[in-house]
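Welcome! Please take a moment to look over the sequence and the 3D structure before reading on.

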Amino acid sequence: ELVVKSEIHHRRLQLASEIGGQKTLDSSGKDWYPRRHIVFILCDGMGNSVIENSVDHMSTNDTDQDSFFAKHNQPCRLRAVFPSTTPAALTTLATATWPGRHGMPGWNLRDKKGCDLPGQNCVAGPVVQLRVLAEHIIDDSSGKLASETGFQSWDDVFVEVPWARKIYVDKNACRPEIQEKNKIKRKMIYINAYSGDDYQNWSQGDNGTERSDKSEGNNGRKRSASDFSEWQIGNENFQSETQTHQQHHSTLFETAKIEETAYDTLGTPKGSADAIKFFRDGVDSALSSIANAEKNGDFTFTYLYTAHPDKHMHSLGVEHDEVKNVVQGIESEIERFWRILGDRELLLMGKYDSNSVDLYIPSTEESKRIDASIIVTADHGHITIPPEDMMTLPDDILACLEYANVGVWGTGRHAYLHCRAGLQSMLQRRWQTNSELREHFLLLTVNEAIECGLFGPDCMRWQVRPRLGDFIAISTGRKTLAKPFEVDRCQHYCKCQGAHGSLLPEEMSIPFIL
């Protein structure tokens, strides 16, 4: 264990130096990485296998003909956390901790606040299914806000504090003496389609208690989410806001909200074109913010998130032509981003024309280049699940359970199973006598999974442990545990779905493009 932790620490330092420049000491004697601008781009679901399936020239020996991703990706550098899902990965990025330490190792996690006493049901809160990737953090079973079910604050939900909180600044932080006192070094820039949602506010350092308002989305409809996530994909009645910028607390914190692709356009040329256009808007917003910071002599950290290609793959599968169009469009925009940062004059002049990207050749002269690093990665990869590989839990297994956290888009590939009291041994026996379950899923007790380090090398927090139940059923192939209506729908329409959440290389191998 000590060797593993030492190796992890060594890799962290190596990665920090590659991204932030050679470590030095600041005026107070603390470590400081001097890179002026750091840009982190997360493309949801864009695992290495997705890139290989979508981008041209991945196998050629002629590096001059390789795509931008092929030339710059180091595919063996990174792996997704387990479970390979968006809430687990994004919360790890927000807190710099493993899923076993933060409170979101998956979707719809079952929890309960307080303890019931005889005749006093009001003492404890109800059993909830926590869903954080939505406009508001909610109990997905009732639709109520988490604050209405016994959770007093966002920290009560997430357990771990986001790292942005640790450098949180107040309205006076722009004053030089306050900056020096708090050792604030970088302007924080967040760009995505979900600015203003509870999760984004929390991850960006908001330390207030959860909002108690029940504000509704456009057309009077309260936005929620599914594992396919309306938080990512919206719905046919939801019209996203146009791109907006907002300053927070001081000049050291900034967000920009871009549009998101409509659900009913997925699988059409308009869907992929919109996804690329809105990502282009995000790139332009980042370039504008970096240019302003460069003029003012500021250091920046920019976090640009897009829900693509995940959004398309969940609906269409990995191999669909529109998925390839989206990945190629994202690649083109990231290359444009890189080329513009390679010429300080073009950046400061605001010449971001995407139609002229080939004209931008990064300068080889150090004085003409922006001191910047761009890192591109994903939260997880994807595999395609045909209808025949979607299955439901048999009745004799369900009889042993209080809650089966399953679903076709991800949770059914690492299903958390909460047993009825005292029926754990019965469930194990019944599982082993079912040839299909035994052949296609690895059934572990959650304690066994923790001991194997699946949720990270650190000890799991006690607040997280109850959310995982008694067992975890990990898919060893394409078989995925789904809800009955999901199986019926997909088999009726003969429709493949993209999914992730298990340990297959396609799900765990993610790019490191620097």
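Here is a short tour in four stops: a sheet with its helix, a histidine, a set of short strands, and the cavities.

Please keep in mind that this is a predicted model. An open sheet of 4 strands makes a good starting point, and from there we can move on to the loop residue H382 and to the second largest cavity.

**The four-stranded sheet and its helix**

- The strands of this open sheet are ordered β15-β16-β18-β17, and their pairing is antiparallel.
- At the edges sit β15 (401-405) and β17 (441-445), each of which pairs on one side only.
- On average, neighbouring strands in the sheet are turned by 20° against each other, direction ignored.
- Strand β17 meets β18 (residues 471-475) in the antiparallel sense, with 5 bridges between the two.
- One place to spot this pairing is T445, whose bridge partner in β18 is F471.
- Helix α15 (residues 424-433) packs on the sheet and touches β15, β16 (414-419), β17 and β18.
- The direction of α15 makes about 165° with that of β17.

**A buried histidine**

- You will find H382 in the loop that lies between β12 (372-377) and β13 (383-385).
- H382 counts as buried because its relative accessibility is 1%, and the cut-off for buried is under 20%.
- A polar atom of the H382 side chain lies 3.4 Å from the backbone nitrogen of A499.
- Leaving aside neighbours within four places in sequence, H382 is in contact with several residues, among them G45, S49, D310, H314, G498, A499, H500 and E506.

**Three short strands**

- Strands β5 (residues 109-111) and β6 (residues 128-131) run antiparallel and are joined by 3 bridges.
- Within that pair, L109 has L130 of β6 as its bridge partner.
- Strand β6 also pairs with β7 (residues 138-139), again in the antiparallel sense, over 2 bridges.
- Here R131 is matched with I138, its bridge partner in β7.
- Together β6 and β7 form a hairpin, with 6 residues between them.

**Cavities**

- Rolling a probe the size of a water molecule over the atoms shows where empty space is left.
- In this model, the count comes to 4 cavities of 30 Å³ or more.
- The second largest cavity has a volume of about 50 Å³.
- Its lining includes A193, I258, E259, E260, F278, F279, Y305 and H308.
- Two elements, α10 (269-296) and β11 (299-306), give two or more residues each to the lining of the second largest cavity.
- The largest share of that lining, 3 residues, comes from α10.

Terms used: Residues numbered from 1 in each chain as written. Predicted model: local features only at pLDDT ≥ 70, side-chain atom pairs only at ≥ 80, totals over all residues. Heavy atoms only, no water. Pairing = 2+ DSSP bridges. Axes fitted to C-alpha atoms, helices over the stretch in contact; angles between N-to-C directions. Contact = heavy atoms within 4.5 Å. Buried < 20%, exposed > 50% of the residue type's maximum accessible area, 1.4 Å probe, protein only. Polar contact = N/O pair within 3.5 Å; in protein donor to acceptor, adjacent residues only side chain to side chain. 1 Å grid on protein atoms, 1.4 Å probe; cavity = no way out; pocket = protein on both sides within 12 Å on 5 of 7 lines; lining within 4 Å. Points joined across faces, edges and corners; volume = space filled by probe spheres on them.
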